[in-house]
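Dear colleague,

I am handing over the structure we spoke about, and below it you will find notes on what came out of going through it. Please read them with the coordinates open beside you.

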Amino acid sequence: MAPSLAHLVCLLLLLLLLLSALPLSAAASTPRSAPPSAPPTPLVPALFVIGDSTSDVGTNNYLGTLARADREPYGRDFDTHRPTGRFSNGRIPVDYLAEKLGLPFVPPYLEQSMRMGVGGAGLSNIGGMIQGVNYASAAAGILSSSGSELGMHVSLTQQVQQVEDTYEQLALALGEAATVDLFRRSVFFVSIGSNDFIHYYLRNVSGVQMHYLPWEFNQLLVNAVRQEIKNLYNINVRKVVLMGLPPVGCAPHFLSDYGSQNGECIDYINNVVIEFNYGLRHMSSEFIRQYPDSMISYCDTFEGSVDILENRDRYGFLTTTDACCGLGKYGGLFICVLPQMACSDASSHVWWDEFHPTDAVNRILAENVWSGEHTRMCYPVNLQEMVKLKQ
């Protein structure tokens, strides 16, 4: 016998009552395991890095030098919580930028070169180079002699020669056409120049100040950078992020060395740096005009850093003068060498050691390079805009 409408209504009400009596979490009590998320599709084929300790990820671990960060407490807040050769408590800007680009952290060239030396330039042995290589070397300068008193390093000219070697190795394995395409679409990050002042001009090595006024020395450096960018252009590099220098005169080392009373930055040093940055920006603009199929994005690290120093409360920093790890006034008297020398919370500090910023600052600067999230640093385009440009 067919059920009456009243019976159906009663059954429906009973079902609703039973469902309402279930806890809200019942449906989620045995969740399905989500499928593993696929890695993001890279926005560019590769990221290649040229520079000094601001972007070294372990090159100097393989060199005889005092400029090494392969000991604690360096790296204590890095992803692995171990020292890697990065001059910070955690990540450096190129790590954050690789992540933004959908790429893995870029390995040091010397590490890849050692592997290549064992296995040759076959397809199976260039895997570590396909998505980028980091050539940066702490204490390196634009001039080959800058930083030499610390021991071995790989200068700007030598790093560009390593890039040329990489191009040849990739061409042998992938073919010339594929390598040309790879280089044209990849990003080359260049961050170098501080050591030419810290370890050369300001120390008056070889009486350099008698031979060059500050503006003449700056022009010498800018011309050298332009030549190396032209060398990169000759091997089909078309997208370059060129970093200006930070406010070196605000580093704890110089606050201590020049006897800053209340944390005031050393204007003489910063003025020289500002002049260098101006020359670098002008040069990059002129290069683009001369070679319109290239794009150099000049990123003003000085501007981005001053924004942090002047707005520390907005960024959550407690001190803009004291290094988290160091000795003496401002922590700038002696380099960070022992875990016991470090503060407990580096994220409250702008400076990690006497010269280098903390992971927190590196993240902010990288976000500015990527999109100008906090303040505009890059001209004429930021990195996010650059990767969308058609070649």
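**Strand pairing and the sheet**

Val 187 has Lys 239 as its bridge partner in β3. Please keep in mind throughout that this is a predicted model. The pairing to which these residues belong is that of strand β2 (residues 187-191) with strand β3 (residues 239-243), two strands that run parallel and are joined by 4 bridges. Both strands take their place in an open sheet of 5 strands, whose order is β1-β2-β3-β4-β7 and whose pairing is mixed. At the edges of this sheet stand β1 (47-51) and β7 (378-379), and because each has a single partner strand, one side of each is left without a neighbour in the sheet.

**Salt bridges**

There are 12 salt bridges in the structure, and I describe some of them here.

Arg 91 and Glu 99 meet through their side chains in a salt bridge with an N to O distance of 3.1 Å. The two residues differ in their surroundings, for Arg 91 counts as buried at 11% relative accessibility, whereas Glu 99, at 45%, counts as partly exposed. This pair also belongs to a network of salt bridges in which Asp 79, Arg 91 and Glu 99 are linked.

A salt bridge also joins the side chains of Arg 203 and Glu 149, with 3.7 Å from N to O. This pair links distant parts of the chain, 54 residues apart: Arg 203 lies in the loop between α7 (194-201) and α8 (208-211), while Glu 149 lies in the loop between α4 (127-130) and α5 (156-174). Arg 203 is partly exposed, with a relative accessibility of 47%, and Glu 149 is likewise partly exposed, with a relative accessible area of 38%.

In the salt bridge between Glu 367 and Arg 363, the closest N and O atoms are 3.2 Å apart. Both residues sit in helix α14 (residues 359-371), and because they are 4 residues apart there, about one helical turn separates them. Glu 367 counts as buried, its relative accessibility being 12%, whereas Arg 363 is partly exposed at a relative accessible area of 33%.

**Two buried loop residues**

Where does Gly 263 lie, and which residues does Gly 263 contact beyond its neighbours in sequence? Gly 263 is placed in the loop between α10 (252-257) and α11 (267-290), and with a relative accessibility of 15% Gly 263 counts as buried, since the cut-off for that class is under 20%. Once the neighbours within four places in sequence are left aside, the residues in contact with Gly 263 are Leu 255, Thr 321 and Tyr 330. The C-alpha of Gly 263 is also 8.6 Å in space from that of Asp 322, although 59 residues separate the two in sequence.

Ser 348 is found in the loop between β5 (319-323) and β6 (349-351). Ser 348 is buried as well, with a relative accessible area of 10%. Not counting residues up to four places away in sequence, Ser 348 touches Gly 316, Phe 317, Leu 318 and Thr 319, and Thr 319 is the residue at which β5 (319-323) begins.

With best wishes

Key
Residues numbered from 1 in each chain as written. Predicted model: local features only at pLDDT ≥ 70, side-chain atom pairs only at ≥ 80, totals over all residues. Heavy atoms only, no water. Salt bridge = Lys/Arg side-chain N within 4 Å of Asp/Glu carboxyl O. Buried < 20%, exposed > 50% of the residue type's maximum accessible area, 1.4 Å probe, protein only. Pairing = 2+ DSSP bridges. Contact = heavy atoms within 4.5 Å.
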